[in-house]
Amino acid sequence: MAIKISGIGSYIPSDVSKNEHFNQHQFLNTDGSSINYENTVIIEKFEAITGIEERRYAKDHLTSSDLGFFAAEKAIADADIDPETIDYIIVAHNFGDVQKGKSQSDLLPSLASRIKHSLRIKNPKCVAYDLLFGCPGWIEGVIQAQAFIKSGMAKRCLVIGTETLSRVVDDYDRDSMIYSDGAGATIIEQDDSDTGILAFETATYTYDEAYYLFFGKSNNPDNCQDTRYIKMHGRKIYNFALTHVPQAMKECLDKSGERIENVKKIFIHQANEKMDEAICERFFKLYDYPMPDNVMPMSIRKLGNSSVATVPTVFDLVRNGQIEDQEVHKGDIILFASVGAGMNINAIVYKY
């Protein structure tokens with residue numbers, strides 16, 4: 001029995017924010033002091049490290065559940081299924097529905113229930129729930145979906161990753177330039193083919209690492225000190241990712257029984273271009289095997305970091321021929337991998 005992705009869809013917001021948009025921003029250090037660089041220098045250094053030239057923001061009237069609904073519609077259409085036959089709807093996110101200009105998150109009802117409602121699914125046996133697992137949330141949702149199917153509890157699941165990070169960033173923090181909005185969705189089901197999920201790996205590190213990403217106050221002390229924003233210890237996350245993610249990917253590939261030379265693509269969380277490249281280089285180095293050209297499709301340069309949405313979105317773009325010089329073919333061995341808040345890491349080996 002194969003458990004595979006039978007349909008995929010993504011929603012990429014149309015509003016583009018280029019790096020020049022931040023030329024007039026007032027960036028501050030964490031203690032509220034001024035940064036001794038012109039914004040042009042700050043942005044130039046930021047782009048050199050992250051690779052981000054622009055990012056996408058959702059329209060003011062849309063929320064994360066709206067974006068997830070749009071992506072879900074596309075995945076259902078791509079799989080050509082009746083949505084009433086879906087057994088589980090698993091929605092990965094981190095901040096719920098945050099209205100533009102508001103500081104309060106809305107999680108009642110859950111985003112999964114909202115999306116099921118928007119899809120007009122009547123079947124009460126279609127169970128909808130949210131998954132909070134940091135940026136690796138969509139991959140973890142796929143892992144849970146295959147577990148439901150493998151155990152006989154489900155035949156078909158809808159897994160969504162959706163986020164509007166632009167609503168939870170501190171405008172006075174340079175890291176605010178990283179984050180973006182978007183959604184990706186997939187139908188996971190079983191069939192009799194020889195493709196699909198071959199192995200997976202998941203881990204959570206919390207002893208010292210739990211608060212590498214956290215909710216913190218604004219860098220501007222004049223802002224309301226009761227409002228919290230997404231914050232991170234970037235250097236610690238970078239070192240953590242380079243230490244643990246390649247090893248998790250190796251353990252996953254070894255578990256699958258596939259050889260390193262068979263890996264054709266790695267769809268990794270679009271967090272930071274240099275970090276992602278370093279992760280993949282270290283992964284191949286663990287096998288003493290050269291990293292192939294074009295093995296790692298990237299979308300972060302134009303789309304930014306939309307957390308749980310990045311992996312399904314970049315996979316959808318490649319699958320539909322929308323990233324230059326990147327494509328997947330039937331029978332290809334590919335890896336999905338991510339790292340994020342929690343601190344969580346995971347990976348899937350997949351035969352396309």
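The lining of the largest pocket divides into 26 nonpolar, 16 polar and 8 charged residues. The model is predicted. This pocket holds about 1,300 Å³ of space, and the second largest pocket holds about 590 Å³. An open sheet of 5 strands is also described below.

**Largest pocket**
- Its lining has 50 residues, and D175, I178, Y179, M232 and G234 lie nearest the centre.
- Helix 1 (39–50) gives the largest share of the lining, 5 residues.
- Elements that each supply at least two lining residues include strand 11 (213–216), strand 12 (229–232), helix 5 (234–256), helix 6 (273–285) and strand 14 (333–340).

**Second largest pocket**
- The space in the second largest pocket is about 590 Å³.
- Of its 32 lining residues, S166, R167, V168, V169 and Y229 are the closest to the centre.
- Its lining divides into 11 nonpolar, 13 polar and 8 charged residues.

**Sheet**
- The 5 strands of the open sheet follow the order 1-9-8-4-7, and the pairing is mixed.
- Strand 1 (2–11) and strand 7 (127–131) are the edge strands, each pairing on one side only.
- On average, neighbouring strands of the sheet are turned by 20 degrees against each other, direction ignored.
- Strand 1 pairs with strand 9 (residues 181–191) in the antiparallel sense over 9 bridges.
- D191 in strand 9 is the bridge partner of A2.

**Helices on the sheet**
- Helix 8 (residues 310–319) packs on the sheet, where it touches strand 1 and strand 9, and its direction makes about 90 degrees with that of strand 1.
- Helix 3 (residues 111–118) lies across strand 4 (88–92), strand 7 and strand 8 (156–164), and runs at about 140 degrees to strand 7.

Conventions: Residues numbered from 1 in each chain as written. Predicted model: local features only at pLDDT ≥ 70, side-chain atom pairs only at ≥ 80, totals over all residues. Heavy atoms only, no water. Pairing = 2+ DSSP bridges. Helix = DSSP H or I, 4+ residues; strand = E, 2+ residues; numbered from the N terminus. Axes fitted to C-alpha atoms, helices over the stretch in contact; angles between N-to-C directions. Contact = heavy atoms within 4.5 Å. 1 Å grid on protein atoms, 1.4 Å probe; cavity = no way out; pocket = protein on both sides within 12 Å on 5 of 7 lines; lining within 4 Å. Points joined across faces, edges and corners; volume = space filled by probe spheres on them. Nonpolar A, V, L, I, M, F, W, Y, C, P; charged D, E, K, R; others polar.
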